[in-house]
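Here are my notes from going through the model, as numbered points. Have the structure open while you read.

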Amino acid sequence: MNNEMLRKKVDQLTIQEKIGQLIQLTGNFFDKHNDSVVTGPQKKIGLNGSYQIHNTGSILNTVDKQQIIEIQRNHLLKSTHKIPLLFMADIIYGFKTIFPIPLAQTCSWNFPLIEESATVLAKECYEEGIHVTFAPMVDLVRDPRWGRVMEAPGEDTLLGERYAESMVNGIQGNGASQHIPKGKLAACIKHFAAYGAAVAGREYNAVDMSENMLKNFFLPSYAKGIEAGAKLVMTAFNTLNGIPCTGNKWLNRDILRDALDFDGVLISDYAAIDELITHGYAENQTSAAKQALLAGVDIDMKTAVYANELEKLVEQNQELHALLDEAVLRVLILKNDLGLFDDPYRGIQTTEEDMTSVVLSKEHKATALKLAEESIVLLKNNKHTLPLSRNQKVALIGPYAEEKATLGFWAITGDEEDTITLKDGLSTLLDSSCLSVARGAYLLDKHTENLYDKYTDKLPVEREDEEALLEEAIAIAKTSDTIVLAVGENTYQSGEGGSRTNPVLPTTQLRLINALSTLGKPIVLVIYGGRPLILTEVEEKVSAILYAWFPGTMNGLAVANLLTGKANPSAKLSMTFPRSVGQIPIYYNELRTGRPQLDEENKYRFASRYIDQSNLPLYPFGFGKSYTHFQYSDFRLNQEEMTKNEQIKVTLTVKNTGSYSGKEIVQLYICDKVSSITRPVKLLKAFKKIELKVGESQRVEFEIDNDMLKFYRPDGSFDSESGDFDIFIGKDSAEHLFKRKIRLVSKHTT
Ligand code: GLC
C-alpha cells in the first residue's frame with residue numbers, strides 16, 4: 001500500500017481503534033485466560049476496557065516465535081480492520097549469537113565488522129518473527145559511574161556516528177528502498193537525547209547542558225542513525241535542561257522532526273509518558289497524554305495513559321485529533337514498510353523443510369569470535385609476558401575462570417549455556433598438563449546488594465570459605481610459571497540501573513590479586529566489566545592486563561586466542577579509563593581553558609589541575625597495545641593552506657617493526673585554534689585500521705576537507721571558520737607522533 005491508501009485506512013478507524021495503534025503492551029496481556037480486563041496485568045496497568053487489548057498496535061519483548069504466532073493469530077481474528085501487531089524487542093548486540101557489548105565493539109574501530117554483527121542479529125531475529133529492535137543505543141558517554149555505558153559507543157562523536165550508521169545498515173539494510181527487506185528488521189535509535197550525561201552518572205538523573213555541547217557532541221550520533229534511515233527513535237527518560245525528553249516539544253519537533261528531518265515513529269521509553277507526572281511536569285495522566293502527543297510521541301510504551309486519556313482529549317480538540325491521525329499513520333507506514341499487511345508472520349519459518357535455522361550457525365559464531373578478538377584491549381604487557389607459549393605452566397585463577405555470565409546486561413535473549421568459558425578456551429590451546437584452575441575468590445563481595453535479583457539467588461552461600469579459596473589459588477600459583485587471573489565486576493553491576501559510585505574490582509578479588517602478587521610470578525590480569533573500572537590500585541601489581549569487557553558467546557576462545565598469540569590484540573579504547581573517581585567526567589576532547597596544565601611536572605598552583613591527583617587518565621581514549629610494534633615515519637602534507645573547496649592530503653608511512661603481524665589504528669586529530677566558540681583541545685576526525693605483516697610498510701593517507709572543520713556556531717549555523725588548525729597523528733589521543741599547523745583561508749594570498 002502507498003501512503004495515500006494508508007491515510008484512508010486511518011480515516012476508516014474509530015478514535016478508539018486509532019488510539020489502540022499507539023498502545024504497546026507486553027505479551028502477557030494476551031494470554032487467553034487474561035482476556036478479561038478486571039484481572040492480571042490489565043488491572044495493574046490501569047486499562048479500563050478489553051477493547052483496548054484488541055486494538056493494541058504493538059507488543060514489547062515477546063521473542064518466542066510460537067507465542068508471536070499465537071498472539072498475532074488471535075489478534076487478527078478479533079481485529080475489525082485486520083491491522084497486524086508489531087513485535088518489538090531489546091536485541092541490542094545479538095539474539096542468540098551474542099556479540100561483545102557495544103562499548104567493547106567500538107574499541108575494534110572496525111565498523112564493517114560491527115555492521116556484519118548487526119546483520120547477524122537481524123537474521124536471527126527475523127526468523128523468530130521479531131519486527132523491530134530497540135537498537136542501536138547511541139548515547140554519548142563520559143561517566144563510567146553510569147551503568148549503561150556498556151551499551152553505548154563511547155565518548156567520541158565520530159565513533160558514535162560510525163557506530164550508529166553501521167548498526168542501522170546492518171539491522172535494517174542500507175538500500176534506498178522504504179521497504180525493509182527479508183532478513184532485516186526496523187532499527188530504533190535511542191535514547192533521545194543525551195541520556196548518557198545524567199548528572200553524577202546516577203541512573204535516570206537530570207541532564208543539563210548547553211546547546212553547544214548538545215549539538216556539537218551529543219546529537220551527531222542520533223543524527224547519523226536517522227540519516228542512515230532508522231525507522232524509529234526512542235525518547236529518553238531524563239529531563240534535558242529541565243524538560244523531560246518525552247514531553248519536550250523543542251527536542252522532538254524542532255530538533256528531531258524538523259532539524260534532523262526524522263519522519264519515522266517516535267516511541268516513549270518504558271512508562272516514560274506516565275513518568276511526566278513524577279517528573280513534576282504533568283499534573284495528571286490527562287495532561288501527560290496531551291504533552292506527549294503535542295511533543296510528537298507516537299507510541300506509549302507500557303502505560304495506559306494514551307489508552308485512557310486520548311479519546312476525550314481528541315474529541316474536544318481538532319488539532320489534537322490531527323496529531324493523533326499523524327501518529328497513527330506513522331505506525332501504519334512502519335507496518336507497511338515491514339510488509340506486515342501482506343505477511344503478518346514475516347520471517348517465521350513454520351514448515352519443517354525450511355527450518356534451516358541460522359541461529360548460532362558456524363558463520364555467525366565466527367563473526368562473533370572475530371569481533372570479540374578485535375574488541376578486547378591489551379592495556380599492559382611488561383617484559384613481553386604475553387603471549388603465552390604452548391608449554392608454559394599456567395595457573396588460571398579467578399571467579400571468571402569458568403564463569404559463563406559474560407554476555408553483559410542487555411543480552412536478554414542470549415543463553416549463557418552457549419558461552420565458551422576461559423577455561424574451555426585455554427584448554428584447547430595449552431597442553432592439558434600445563435593448565436591448572438582455581439576459583440580463588442567470589443565474583444561479588446559479601447555486602448554487594450541491590451543487584452539484579454535474578455543474580456543474587458546464585459550467590460554462593462558458604463561465604464565463610466574465602467580463606468579456603470585463597471589457599472587453593474596460592475597453592476596452584478606456586479607450581480606455575482605464569483598466573484592468568486580472570487576477575488571483574490559482575491554483569492549486573494552495569495547496565496540499566498547499574499550506576500556505581502566507586503567502580504572498582506570487588507574487595508574479595510583485590511585480596512586475591514594482592515596475595516598472588518607476593519609470589520613474584522608474572523600475573524596476567526584478564527578483566528571483565530561493563531565500563532572502564534578504576535584500576536590504579538592493581539595496575540602496578542601485575543605484568544599484563546587484557547580488558548575483555550563482556551565479550552559475548554565466544555568469550556573464552558577469543559580471550560585464549562589473544563593470550564596465546566593466535567590472535568594479536570588490536571583494539572583501542574573508545575572510552576577513557578580514569579585514575580580516580582574524582583577525575584570523572586574525564587574525556588579526551590575536553591574544552592580548552594585559560595590556564596591549561598601544560599606539563600604534568602609543573603606544580604604551578606594557578607593552573608587547571610588538582611593538588612591531589614594528576615589530570616591524566618590511567619589509559620587515554622584511543623589507547624591499546626599490540627604484541628608487535630608499529631613505526632610511524634615520513635609524515636607529509638601536500639600543502640599547509642586550503643580554501644573551503646580544497647583538501648589537504650596528509651600521508652605517512654607505518655611499518656611493522658615487531659615480530660608479529662598485526663593491525664594498527666592510525667588516528668588523525670584536529671584542534672581549531674581560534675573560533676567563535678571555544679573548541680576542544682583535539683577532536684578525532686579520521687582513522688585508518690591497517691593490517692601489516694612482520695616487516696611490511698604501508699603508506700597511509702588522510703584527506704582533510706572543510707566538512708571536518710565545521711561545527712555548530714553561536715548563531716546556530718553549521719560551518720567552518722578561517723584560521724589556524726593543529727593536526728595530530730597518533731596511536732592514541734595522548735601520544736602525538738606528528739603535529740603540524742594548517743590554515744583555512746577564504747582565498748590564497750600568494
Ligand atoms: C528500558 C530501557 C530501553 C528499553 C526499554 C524497553 O527501560 O531504557 O533502552 O529499550 O526499556 O525494554
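1. Start with I397. Setting aside neighbours within four places in sequence, I397 is in contact with A438, R439, G440, A473, I476, A477, I483, V484, L485, A486, L512 and L516. Bear in mind throughout that this is a predicted model.

2. That list fits with the core. The largest nonpolar core holds 216 residues, and of these I397 and L563 touch the most other members. Which helix gives the most to this core? That would be α15, with 10 residues. There is also a second, separate core of 26 residues, with L692, F702, I704 and L709 among its members.

3. Since α15 has come up, have a look at its packing with α14. Helix α14 (residues 305–315) and helix α15 (residues 318–337) pack with their axes 7 Å apart, at an angle of about 130 degrees. That angle is why α14 counts as oblique to α15. On the α14 side the contact involves L310, L313 and V314, and these meet L320, H321 and L324 in α15. Sorted by class, the contact has 5 nonpolar residues, 1 polar and no charged ones.

4. Now the strands. One open sheet has 3 strands in the order β17-β19-β22, and the pairing is antiparallel. Its edge strands are β17 (630–637) and β22 (697–704), each of which pairs on one side only. Ignoring direction, neighbouring strands here are turned by 20 degrees against each other on average.

5. Within that sheet, β17 and strand β19 (residues 648–656) run antiparallel and are joined by 6 bridges. If you want a pair to check on screen, take Q631, whose bridge partner in β19 is K655.

6. Then there's strand β20 (residues 662–672). Is it buried or exposed? Mostly the former: 10 of its 11 residues are buried, so β20 is largely enclosed by the rest of the structure.

7. What does β20 pair with? One partner is strand β21 (residues 683–692), paired in the antiparallel sense over 9 bridges; here I670 stands opposite L683. Another is strand β25 (residues 723–730), which runs antiparallel to β20 and is joined to it by 6 bridges. In that pairing, L668 has I729 in β25 as its bridge partner.

8. One reminder for when you look along these strands: in a regular strand the side chains alternate between the two faces of the sheet.

Notes:
Residues numbered from 1 in each chain as written. Predicted model: local features only at pLDDT ≥ 70, side-chain atom pairs only at ≥ 80, totals over all residues. Heavy atoms only, no water. Axes fitted to C-alpha atoms, helices over the stretch in contact; angles between N-to-C directions. Helix = DSSP H or I, 4+ residues; strand = E, 2+ residues; numbered from the N terminus. Parallel < 35°, antiparallel > 145°, perpendicular 65-115°, else oblique. Contact = heavy atoms within 4.5 Å. Nonpolar A, V, L, I, M, F, W, Y, C, P; charged D, E, K, R; others polar. Core = buried A, V, L, I, M, F, W, Y, C linked by side-chain atoms within 4.5 Å. Buried < 20%, exposed > 50% of the residue type's maximum accessible area, 1.4 Å probe, protein only. Pairing = 2+ DSSP bridges.
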